[in-house]
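Let's take a friendly walk through a protein model together. Keep the picture open as you read, and look for each part as it comes up.

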Amino acid sequence: MKLTRKMVLSRAKASELHSVRKLNCWGSRLTDISICREMPSLEVITLSVNSISSLEPVSRCRQLSELYLRKNRIPSLAELVHLKGLPRLRVLWLAENPCCGTCPHLYRMTVLRTLPQLQKLDNQAVTEEEVSRALMEGEEVTAPSREDLGSSPPELSYTRSAVDATTETTQDPLSLGEGEASDQGQLGLKPTSRDRFPPFSQREATSSCASRNNILTAILMLLQELDIEGLEAVHQTVVSRLQSLHKQELQEDME
């Protein structure tokens with residue numbers, strides 16, 4: 001079912017779509033929410049218990065602070081890309097979607113790495129420690145490709161980090177509220193083909209490169225949080241480190 005202008009205005013006390021601030025379409029059997037593109041003033045959206053699969057229409061709701069999407073059909077955490085441009089988003093409820101997968105810890109870390117400004121995820125408060133850990137333990141989300149939007153089975157479109165998934169511990173079940181039990185979805189990751197492993201030396205080099213890239217990504221993200229004084233301190237440290245490395249190279253060349 002498509003969300004229409006008439007349905008929106010019948011639920012909200014407003015005469016025009018652009019002035020609607022709160023939208024509640026809980027359990028309305030919706031599959032199409034494209035009309036949200038015409039409602040830039042939305043601050044709270046409740047779309048739980050529907051059949052929504054794409055978050056792209058929400059990307060234009062720049063005033064959005066709360067988004068409730070529990071129990072829909074969001075196939076991949078790649079859809080979170082559409083929420084990265086919402087600076088005021090503080091509350092997200094995404095539980096009971098296929099994108100949540102079978103590992104609650106990996107799911108939560110990935111969401112918080114993508115949306116570090118969140119204060120509450122799936123009815124659980126977000127801590128500063130979680131956000132810091134998410135930089136290394138979460139996955140890097142990329143935009144869904146056209147193939148992912150086709151008729152093929154839902155598949156996550158994000159890059160694995162260097163963190164070994166086997167070291168992750170299972171977290172407590174998400175608090176779902178509303179008196180309903182949680183049914184975890186399936187993470188659409190393809191199993192690794194063990195008969196096509198590269199030589200050990202190549203795997204080692206690839207792992208080292210991936211680890212370096214993850215560290216660099218984490219540093220660049222943290223730099224965005226620093227003020228002028230902090231950036232100047234980082235600059236001085238970088239200059240000193242570069243000078244040290246250059247001297248080391250010169251000494252090696254002379255030898």
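## Strands side by side

A good place to begin is strand β5 (residues 120-121), which is joined to β6 by two bridges, with the two strands running antiparallel. If you want to find one of the residues involved, look for K120: its bridge partner in β6 is A125. Keep in mind as you look that this is a predicted model.

Now step back to the sheet as a whole. Six strands make up an open sheet, ordered β1-β2-β3-β4-β5-β6, and their pairing is mixed. At the edges sit β1 (22-24) and β6 (124-125), each of which pairs on one side only. As a general rule, strands of a sheet pair through backbone hydrogen bonds, either parallel or antiparallel.

## The whole chain

How many helices and strands does the protein chain have? There are five helices and eight strands. Following the sequence from its start, you meet them in the pattern α-β-β-β-β-α-β-β-α-β-β-α-α.

The chain has 255 residues, and 34% of them count as buried. Its exposed area is about 15,700 Å², of which carbon and sulfur atoms supply 51%. Contacts tell you something about the fold too: among those between residues at least 6 apart in sequence, 51% join residues at least 24 apart.

## Inside: the nonpolar cores

In soluble globular proteins, nonpolar side chains tend to be buried together. Here, the largest nonpolar core has 39 residues, and those with the most contacts inside it are L67, L83, L92, L94 and L118. Helix α2 gives this core its largest share, four residues.

Try zooming in on L83. Leaving aside residues up to four places away in sequence, L83 touches L55, V58, L67, L89, L92 and L115. There is also a second, separate core of five residues, including Y68, V91, W93 and A95.

## Salt bridges

The structure holds five salt bridges. One of them is formed by the side chains of E96 and R70, at 2.9 Å from N to O. This pair links distant parts of the chain, 26 residues apart: E96 is in the loop between β4 (91-93) and α2 (104-114), while R70 is in the loop between β3 (66-68) and β4. Are E96 and R70 buried or exposed? Both are buried.

Another salt bridge joins the side chains of E130 and R108, at 2.7 Å from N to O. Because E130 lies in helix α3 (residues 128-137) and R108 in helix α2, the pair ties together parts that are 22 residues apart in sequence. E130 counts as buried because its relative accessibility is 15%, under the 20% cut-off. R108 is buried as well, with a relative accessible area of 8%.

A third example stays within one helix. The side chains of E137 and R133 meet at 3.5 Å, N to O. These two residues are four apart in helix α3, so about one helical turn separates them. R133 counts as partly exposed, at 32% relative accessibility.

## A nonpolar patch outside

Finally, turn to the surface. L226, L231, V234, V238, L242 and L245 form a nonpolar patch there, and together they have about 420 Å² of accessible area. One of these residues, L242, lies in helix α5 (residues 228-254). Why does L242 count as partly exposed? Its relative accessibility is 43%, which falls between the 20% limit for buried and the 50% limit for exposed.

How values were computed. Residues are numbered from 1 along each chain as its sequence is written. This is a predicted model: local features need pLDDT of at least 70, side-chain atom pairs count only at pLDDT 80 or more; totals for chains, interfaces and linings use all residues. Side-chain values use heavy atoms; hydrogens and water are left out. A salt bridge is a side-chain nitrogen of Lys or Arg within 4 Å of a carboxyl oxygen of Asp or Glu. Buried means under 20% relative accessible area, exposed over 50%, partly exposed in between (1.4 Å probe, protein chains only). A nonpolar core is a set of buried Ala, Val, Leu, Ile, Met, Phe, Trp, Tyr and Cys residues joined through side-chain atoms within 4.5 Å. Contact means heavy atoms within 4.5 Å. Patches are made of residues with over 30% relative accessible area and no salt bridge: like charges are joined within 9 Å, nonpolar side chains (Val, Leu, Ile, Met, Phe, Trp, Tyr) within 5 Å. Accessible areas come from the Shrake-Rupley method with a 1.4 Å probe; for residues, only the protein chains shown count as cover. Two strands pair if DSSP finds at least two bridges between them.
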